[in-house]
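Here is a short briefing for a first look at this structure. Keep the view open and follow the topics in turn.

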Amino acid sequence: MRLYYAPRTISIAVVIALEEAGLPYDPVQVDFQSGEQTSETYLAINPKGRVPALQVSDGTVLTETGALLEYIATQAPEAGLVPDDPIKAAQMRSVMYYLAATMHVNHAHKMRGHRWADQQSSFDDMTAKVPQTMTASARYFTENCLQGDYVLGDAFSIADPHAYMICSWLDGDGVDLGNFPGIQAYLARMNERASVQSAIAQGML
Ligand SMILES: N[C@@H](CCC(=O)N[C@@H](CS)C(=O)NCC(=O)O)C(=O)O
């Protein structure tokens, strides 16, 4: 599998999941500094101009972090990255949909205002709002998503790499982590995992 990624982005959730699954992968860095994600070559791989994109063995390119994480779980069933219990699995996906559709989008308002507006004053307004929306998301996450050591309590699942990456942005988004000791402990716990250590060693975090 070939993974198109950029350091410290949501694509690193996929690296963490691949490591947890014990699956081999070929990481290809997309250079955001030079805007490579909007180059003709990269748009031919992922027309959305975003990372992650995962090219699987038959050549198919998959996109959307949640879909990639689900695919990885199917390729390593022995790793138990998705719970068998349908209610727990639905709860896990509920968190992942929240992360992708709300919390990640709140974060994107800091630097990517051009997706939604054209005026500099609109960008400034969106950037200024991020500490507030991400604080609200952090509160929602701790109070309603994090059931214990991991999202599902004792069991690590694919919701965790997804949540870990987005929680790792909170500090830079102006959220006072001192108000969220549960998230601080969660980040510290995740940092100890071999999968996260591997991403750090590869300069991805
Ligand atoms: N919904 C997508 C979002 C992917 C996304 O927005 N990735 C960001 C990095 S965190 C990106 O590639 N941004 C590049 C850009 O906006 O130019 C997913 O969850 O995979």
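Helices here are DSSP runs of type H or I with at least four residues, and they are numbered from the N terminus. Helix H5, which spans residues 120-145, is one such element, and alanine 128 is found in it. The model is predicted. The points below cover the sheet, the ligand, one enclosed helix and three single residues.

**The sheet**

- Four strands make up an open sheet, and their order is E2-E1-E3-E4.
- The pairing in this sheet is mixed.
- Strands E2 (26-29) and E4 (61-63) are the edges, each pairing on one side only.
- From one strand to the next, the twist averages 25°.
- Strands of a sheet pair through backbone hydrogen bonds, in either a parallel or an antiparallel way.
- Strand E3 (residues 53-55) pairs with E4 in the antiparallel sense, over 3 bridges.
- Alanine 53 has threonine 63 of E4 as its bridge partner.
- Helix H3 (residues 65-75) packs on the sheet and touches E3 and E4.
- The direction of H3 makes about 120° with that of E4.

**The ligand**

- There are 13 residues around the ligand.
- Gln37, Val51, Glu64, Thr65 and Arg115 come nearest to the ligand.
- In glutamine 37, a polar side-chain atom lies 2.9 Å from an oxygen atom of the ligand.
- Valine 51 offers a polar backbone atom, 2.8 Å from an oxygen atom of the ligand.
- Glutamate 64 has a side-chain N or O atom 2.7 Å from a nitrogen atom of the ligand.
- Taken alone, the ligand exposes 510 Å², and the protein buries 87% of that.

**Helix H1**

- Helix H1 covers residues 11-21, and 9 of its 11 residues are buried, so this helix is largely enclosed by the rest of the structure.
- The buried residues of H1 are Ser11, Ile12, Ala13, Val14, Val15, Ile16, Ala17, Leu18 and Ala21.
- What covers them? The cover for the buried residues of H1 includes strand E1 (2-5), H3, helix H6 (159-168) and helix H8 (194-201).
- Glycine 22 comes just after H1 and takes a positive phi of about 70°.

**Aspartate 173**

- Aspartate 173 sits in the loop between H6 and helix H7 (181-191).
- Is aspartate 173 buried or exposed? Its relative accessible area is 3%, so aspartate 173 is buried.
- The side chain of aspartate 173 makes a polar contact with the side chain of histidine 107, at 2.7 Å.
- Leaving out residues up to four places away in sequence, aspartate 173 touches His107, Lys110, Val130, Pro131 and Met134.

**Serine 198**

- Serine 198 is found in helix H8.
- The relative accessible area of serine 198 is 19%, and buried means under 20%, so serine 198 counts as buried.
- Serine 198 touches Glu19 and Tyr25, with residues up to four places away in sequence not counted.

**Alanine 128**

- Alanine 128, in helix H5, has a relative accessible area of 57%.
- Exposed means over 50%, so alanine 128 is exposed.
- Alanine 128 and alanine 79 are 49 residues apart along the chain, and their C-alpha atoms are separated by 41 Å.

Note on methods
Residues are numbered from 1 along each chain as its sequence is written. This is a predicted model: local features need pLDDT of at least 70, side-chain atom pairs count only at pLDDT 80 or more; totals for chains, interfaces and linings use all residues. Side-chain values use heavy atoms; hydrogens and water are left out. Two strands pair if DSSP finds at least two bridges between them. Helices (H or I, at least four residues) and strands (E, at least two) are DSSP runs, numbered from the N terminus. Axes are lines fitted to C-alpha atoms, for helices over the stretch in contact, and angles run from 0 to 180 degrees between N-to-C directions. Contact means heavy atoms within 4.5 Å. A residue is near a molecule or strand if one of its heavy atoms lies within 4 Å of it. A polar contact is a pair of N or O atoms within 3.5 Å; within protein, one must be able to donate a hydrogen and the other to accept it, and residues adjacent in sequence count only if both atoms are side-chain atoms. Accessible areas come from the Shrake-Rupley method with a 1.4 Å probe; for residues, only the protein chains shown count as cover. Buried means under 20% relative accessible area, exposed over 50%, partly exposed in between (1.4 Å probe, protein chains only).
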